[in-house]
Amino acid sequence: MVKTVNVGLIMPIAAIDNCSEGHWLEVKSIISESLISNDKYQFETKIVSESDSIGLIHKRIVQGIYNSDIVICDVSCKNPNVMFELGMRLAFDKPTVIIKDDKTTFSYDTSVIEHIEYPRDLRFTKIVEFKENLLKKVIATYEDSTTDPNHSPFLKSFGQFKVAKLEETEVAPFDLIFDKLSELQSDISSLKKLNNIVKPRRYSLKMDVRNAINEAIDEYMKNLSPDSRLEPDNLTNFVIDYLKNRSTPAYSLPKQLLAEEIWNILDERRASLFS
């Protein structure tokens with residue numbers, strides 16, 4: 001019988017140290033492709049903050065870190081959030097595999113744990129080797145954690161410790177319902193704030209907000225030399241800063257939505273030139 005293994009990912013998702021959001025999407029795809037399901041295991045891989053249910057994102061992250069059967073943590077670029085979440089997982093003393101790119105140096109505190117390395121430029125031949133090593137390491141680490149009662153990825157190196165655990169509390173059905181309703185009410189409040197700058201029934205921006213984005217794009221283009229290449233991440237970050245400095249509500253929109261709207265506007269401009 002094939003056993004399902006929940007693999008939590010802790011990794012950067014935003015641009016950092018000259019690595020764009022697209023770079024991290026590629027890395028995530030490489031990790032997922034590495035964990036090929038076989039006749040023994042079926043791997044289900046997702047970022048620890050991802051969940052099928054709504055609720056507080058910090059709560060989902062902590063639960064994802066704790067509940068995952070095994071965690072793969074990419075410490076490339078030493079993203080502060082990633083390092084914090086890795087520390088939390090190690091405090092739970094649960095199976096963990098650490099990876100990093102070849103440009104990132106080892107951190108002193110976690111250098112005692114084996115790291116699997118991959119090339120930052122994601123060269124094909126090296127990535128093929130990395131995928132094979134990652135799959136072997138994940139299977140070996142998971143199996144060791146299920147068969148060895150003394151399995152400890154980190155704390156055993158320093159002595160005997162009482163491992164941190166998340167408390168599980170039984171609650172009455174009505175209390176659980178009220179708790180979920182409270183979370184739902186919080187999400188609805190956030191959606192109402194979003195509705196102030198987004199047209200109802202459509203996920204497109206109101207005209208005044210689009211005009212502000214247009215102004216920001218114009219300002220960016222003014223500072224772009226004729227031989228310069230338009231960089232999507234730079235343009236998106238410039239627009240966000242521009243809107244924020246002018247206290248325009250649109251800067252609080254999800255970055256992905258803003259990026260999509262920016263390129264929609266650029267496509268419309270391009271189309272008008274040839275119409």
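The expected span of a helix is 1.5 Å times one less than its number of residues. In this predicted model, helix α4 has 24 residues, and the distance from its first C-alpha to its last is 35 Å, close to the 34 Å expected at 1.5 Å a residue. The chain as a whole contains eight helices and five strands. The points below begin with the overall layout and then turn to two helices, a pair of cysteines and several residues in loops.

**Overall layout**

- Followed along the sequence, the helices and strands of the chain come in the pattern β-α-β-α-β-α-β-β-α-α-α-α-α.
- The chain has 275 residues, and 36% of them are buried.
- Of the contacts in the chain between residues at least 6 apart in sequence, 64% connect residues that are at least 24 apart.
- The chain exposes an area of about 17,400 Å², and carbon and sulfur atoms supply 53% of that area.

**Helix α4**

- The buried residues of α4 include I127, F130, L134 and L135.
- Also buried in α4 are V138, I139, T141 and Y142.
- The buried residues of α4 pack against the strands β1, β2 (41-47), β3 (70-74), β4 (96-101) and β5, and against the helix α1.

**Helix α6**

- Helix α6 covers residues 207-222, and its 16 residues should span 22 Å at 1.5 Å a residue; the C-alpha atoms at its ends are 23 Å apart, which agrees.
- In α6, the residues V209, R210, A212, I213, A216, I217 and Y220 are buried.
- When α6 is viewed down its axis, these buried residues fall within an arc of 155°, and therefore they line one face of the helix.
- The exposed residues M207, D208 and K222 are carried on the face of α6 that is turned away from its buried side.

**The cysteines C19 and C77**

- A disulfide is a covalent bond between the sulfur atoms of two cysteines.
- A search of the whole structure finds zero disulfides.
- C19 takes part in no disulfide, and the nearest cysteine sulfur, which belongs to C77, is 4.1 Å away.
- Because a disulfide requires two cysteine sulfur atoms within 2.5 Å, the 4.1 Å between the sulfur of C77 and that of C19 is too far for a bond.
- C19 is buried, as its relative accessible area is 4%.
- C77 also counts as buried, at 13% relative accessibility.

**R120 and H23**

- R120 lies in the loop between β5 (115-118) and α4 (124-147).
- With a relative accessibility of 16%, R120 counts as buried, because the cut-off for a buried residue is under 20% relative accessible area.
- The side chain of R120 makes a polar contact of 3.4 Å with the side chain of T104.
- Leaving aside residues up to four places away in sequence, R120 touches D17, C19, H23, C77, D101, D102, K103 and T104; the two cysteines discussed above, C19 and C77, are thus among its contacts.
- H23 belongs to helix α1 and counts as buried at 10% relative accessibility.
- With residues up to four places away in sequence again left out, H23 touches R120 and L122.

**M11, in the loop after β1**

- M11 is placed in the loop between β1 (3-10) and α1 (21-34).
- M11 counts as buried, with 8% relative accessibility.
- M11 and C73 are 62 residues apart along the chain, but their C-alpha atoms are separated by 5.8 Å.
- Not counting residues up to four places away in sequence, M11 touches W24, V27, K28, I31, I47, D74 and V82.

**Positive phi angles at N18 and D93**

- N18 is not a glycine, although it has a positive phi of about 65°.
- N18 is located in the loop between β1 and α1, and it is exposed, with a relative accessible area of 85%.
- D93 is not a glycine, although it has a positive phi of about 55°.
- D93 is located in the loop between α3 (80-92) and β4, and it is buried, with a relative accessible area of 14%.

How values were computed: Residues are numbered from 1 along each chain as its sequence is written. This is a predicted model: local features need pLDDT of at least 70, side-chain atom pairs count only at pLDDT 80 or more; totals for chains, interfaces and linings use all residues. Side-chain values use heavy atoms; hydrogens and water are left out. Helices (H or I, at least four residues) and strands (E, at least two) are DSSP runs, numbered from the N terminus. Buried means under 20% relative accessible area, exposed over 50%, partly exposed in between (1.4 Å probe, protein chains only). A polar contact is a pair of N or O atoms within 3.5 Å; within protein, one must be able to donate a hydrogen and the other to accept it, and residues adjacent in sequence count only if both atoms are side-chain atoms. Contact means heavy atoms within 4.5 Å. The arc is that of the directions from the helix axis to the C-beta atoms. Accessible areas come from the Shrake-Rupley method with a 1.4 Å probe; for residues, only the protein chains shown count as cover.
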